[in-house]
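The following exercises concern the arrangement of strands and helices in one protein model. Please work through each task before reading its solution.

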Amino acid sequence: MTCINILIFGDVVGKIGRLALKKHLPVLKDRYSPDITAINVENLAHGRGITPGTLQEMSDLGIDIFTSGHHVWENPQGLSLLDSKDWQTRLIRPLNADPKSAGIGYCVKNIKATNVIFLNLQGRLFMPQEVSSPFLAFDRFWAQTVPQYPNPLVVIDFHAEATSEKQALGHFADGRAGLIYGTHTHVPTADAQILEKGTGYITDAGMVGAYDSVIGFEKNSSIKRYLEDSTAPYELESHGRAVINALLWTVTIDKKGENQLKLIREIIDI
Ligand SMILES: [Fe+2]
Ligand SMILES: [Fe+2]
């Protein structure tokens, strides 16, 4: 029986998120022996996108794949990384973003004679940035791109706000994608399941970031936005403990469709 283990983290938020991975990733790697490790980097550099230093820091930890979302466009330093041929083998942004945007929407890692294709899509409901239909983008991707790779296994980071849109895409891609996991809300959901036609699914993998916070941001600055001034800036929480949410997906590649999801949630001192 040949298995592939993929260890997935959702949005890694700011310095606390990066420090938490630096401290705890070796523990998780020892425990779960992942073949591939992936993180979402849209909030990596102080909550807004990526910089060469922060991305390299994560690569040096042994992270293989970097997915992203709408915040990745906000840091100008990130745009050249998205366009860099070196990084494009492992750094992606939503496929259904404006085609003129920097970067590409998928990357491929060959492991155990399987082409593991990471695809990044973004939702449209309650999201700040307009993108084309993730459903039609997936259909086109499945028809035109996936057949170019023998023994494909498609893993989708669906970066979206609405649980309904995420579940709908899950069922839409059921039996085609191997795994669909949500990112963006920073809060993990308890709905991991294997869908009817065998696809692994979870609405959100949750973040790696400050534990005592509002989705990684300083709680009082966040409360202030609701009480007084909805335009007040968010401040990143940079103190206290960290929460690590992750997902271990194990797929048996010689028994088609057999796969399981394990949720991981740990709170650590930094
Ligand atoms: Fe995020
Ligand atoms: Fe996001």
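**Exercise 1: The open sheet**

Task: Determine how strand β7 (residues 179–183) is joined to strand β9 (residues 200–202), and place both in their sheet.

Solution. The model is predicted, so that local features need pLDDT of at least 70 and side-chain atom pairs count only at pLDDT 80 or more, while totals for chains, interfaces and linings use all residues. Residues are numbered from 1 along each chain as its sequence is written, and chains are lettered from A and ligands numbered from 1 in the order in which they are written.

Step 1. Three bridges join β7 to β9, and the two run parallel; strands are DSSP runs of E with at least two residues, helices runs of H or I with at least four, numbered from the N terminus.

Step 2. Tyr 181 stands opposite Ile 202 in β9.

Step 3. An open sheet of six strands has the order β4-β5-β6-β7-β9-β8, with mixed pairing; pairing requires at least two DSSP bridges between two strands.

Step 4. Because β4 (106–111) and β8 (193–194) each have a single partner strand, one side of each lacks a neighbour in the sheet.

**Exercise 2: Strand β1**

Task: Describe the surroundings of strand β1 (residues 3–11).

Solution. Step 1. Seven of its nine residues are buried, so β1 is largely enclosed by the rest of the structure; buried means that 20 or more other C-beta atoms, placed from the backbone, lie within 10 Å of the residue's own.

Step 2. Seven bridges join β1 to the antiparallel strand β11 (residues 242–252), where Ala 246 is the bridge partner of Phe 9.

Step 3. Four bridges join β1 to the parallel strand β2 (residues 36–40), with Ile 8 opposite Ala 38.

Methods
Buried ≥ 20, exposed ≤ 12 C-beta atoms within 10 Å, placed from the backbone.
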